[in-house]
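Visitor: I have a structure open and would like to go through its fold and packing step by step. Where should we begin?

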Amino acid sequence: MIIVGVDGSQASLEAVSWAAREATLRDVPLIVAHAMPRWICETTGGRLAAVAAWMREGCETVLAAGRSRAVHEQPTAEVNTLVLPGDPRPALTEVSQDAELLVIGSHGLGGVRGMLIGSVAYGVAGHAACDVVVVRALPSLPRGEVVVGVDGSPRPHAVLTFAFAEAELRKARLRAVHAWAWPRLGGFEPADDESEQDELLGLKETLAGHHERYPDVEMIEENVHGHPAEVLRQAAMGADLLVVGSHGYGTLTGMVLGSVSHALLHHSPCPLVVVRGRDGGRR
């Protein structure tokens, strides 16, 4: 199943639209979920009973709006609703144990003015048990292409499996982008022919087995010398989807997200998938 978190904001309704289409593509149920404080769910008497009842009504209104949006987007989809007691970050993280995909909007209610991404989106992308989609923007004229970032991490299998499977599902082209730059004081080392060839060979070796598994997927390989976050942002302009791993090459121990995935949470020009690393989770 796919779970999409809603809070009544426009961003969350955009996430519902995306999630409904994805659920239809995968032929799985969609769960529209809303979190609210546990005391509201449990308070039925006492001096706060009326307040709690009023807030529960508000919760039902949010869920009804989310379900209505999903059914309007995909009338044949199986759509259910779910109330999650507690703070949205741990609540969504807990429920992700049973999902194949968790979808959230990039902004929510209560966001601090000037912040590019909501705290819920960041927290869930860093801790969910399943792959996470953060819907920042829906391209007005999608080009039928999935972009995947291929880095030097030792276990790219889950990221590539997701990207190839998603491209096959959508009958879309796959653009595999390997962006590389060796840092030095004051900037990056300039590229040279030997480095270019080594990086290109590594990209081809990484992709070979996956392309054999998905022979019908049209693939473009790009080996680019530049900052990975900026290269991927540019490559994803107008794409249907950008796929990255939650951790990349050189990630510091203890960090919730790698620096590239963190940057793209803020700046991706299309829906962003953060693959959490369940190898073999996709077809």
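Visitor: In what order do the strands of the open sheet of 10 strands lie?

Guide: This is a predicted model. The sheet is open and its pairing is mixed. Read across, the strand order is S3-S2-S1-S4-S5-S12-S11-S6-S7-S10.

Visitor: Which are the edge strands?

Guide: An edge strand here pairs on one side only. Neighbouring strands of the sheet are turned against each other by 25° on average, direction ignored. The two edges are strand S3 (79-85) and strand S10 (219-225).

Visitor: Which residue in S4 stands opposite Ile-2?

Guide: Strand S1 (residues 2-5) and strand S4 (residues 101-105) run parallel and are joined by 3 bridges. In S4, the residue opposite Ile-2 is Leu-101.

Visitor: What angle does the direction of helix H1 make with that of S4?

Guide: Helix H1 (residues 10-26) packs on the sheet. Its contacts there are S1, strand S2 (30-36), S4, strand S5 (131-135) and strand S11 (241-245). Relative to the direction of S4, that of H1 lies at about 155°.

Visitor: Is Ile-220 buried, partly exposed or exposed?

Guide: Ile-220 is found in strand S10. Burial requires under 20% relative accessible area and exposure over 50%. Because its relative accessibility is 25%, Ile-220 counts as partly exposed.

Visitor: What distance separates the C-alpha atoms of Ile-220 and Ala-176?

Guide: Leaving aside residues up to four places away in sequence, Ile-220 touches Glu-145, Arg-173, Leu-174, Arg-175 and Ala-176. Ala-176 is 44 residues from Ile-220 along the chain. Their C-alpha atoms are separated by 6.1 Å.

Visitor: Which helix gives the most residues to the largest nonpolar core?

Guide: That core has 48 residues, of which Leu-30, Val-103, Val-148 and Val-243 touch the most other members. Beyond four places in sequence, the residues touched by Leu-30 include Ile-2, Val-4, Ala-19, Ala-20 and Ala-23. With 8 residues, the helix that gives the most to the core is H6 (residues 157-170).

Visitor: How many residues are in the other core?

Guide: This core lies apart from the largest one. Its members include Cys-130, Val-134, Ala-235 and Val-274. The count is 33 residues.

Visitor: Which elements do the buried residues of H5 pack against?

Guide: Helix H5 spans residues 119-127, and Ala-121, Gly-123, Val-124, Ala-125 and Gly-126 are buried in it. Both helices and strands are among the partners of these buried residues. The elements are helix H4 (88-95), S4, S5, helix H9 (259-267) and strand S12 (272-275).

Definitions and conventions:
Residues numbered from 1 in each chain as written. Predicted model: local features only at pLDDT ≥ 70, side-chain atom pairs only at ≥ 80, totals over all residues. Heavy atoms only, no water. Pairing = 2+ DSSP bridges. Helix = DSSP H or I, 4+ residues; strand = E, 2+ residues; numbered from the N terminus. Axes fitted to C-alpha atoms, helices over the stretch in contact; angles between N-to-C directions. Contact = heavy atoms within 4.5 Å. Buried < 20%, exposed > 50% of the residue type's maximum accessible area, 1.4 Å probe, protein only. Core = buried A, V, L, I, M, F, W, Y, C linked by side-chain atoms within 4.5 Å.
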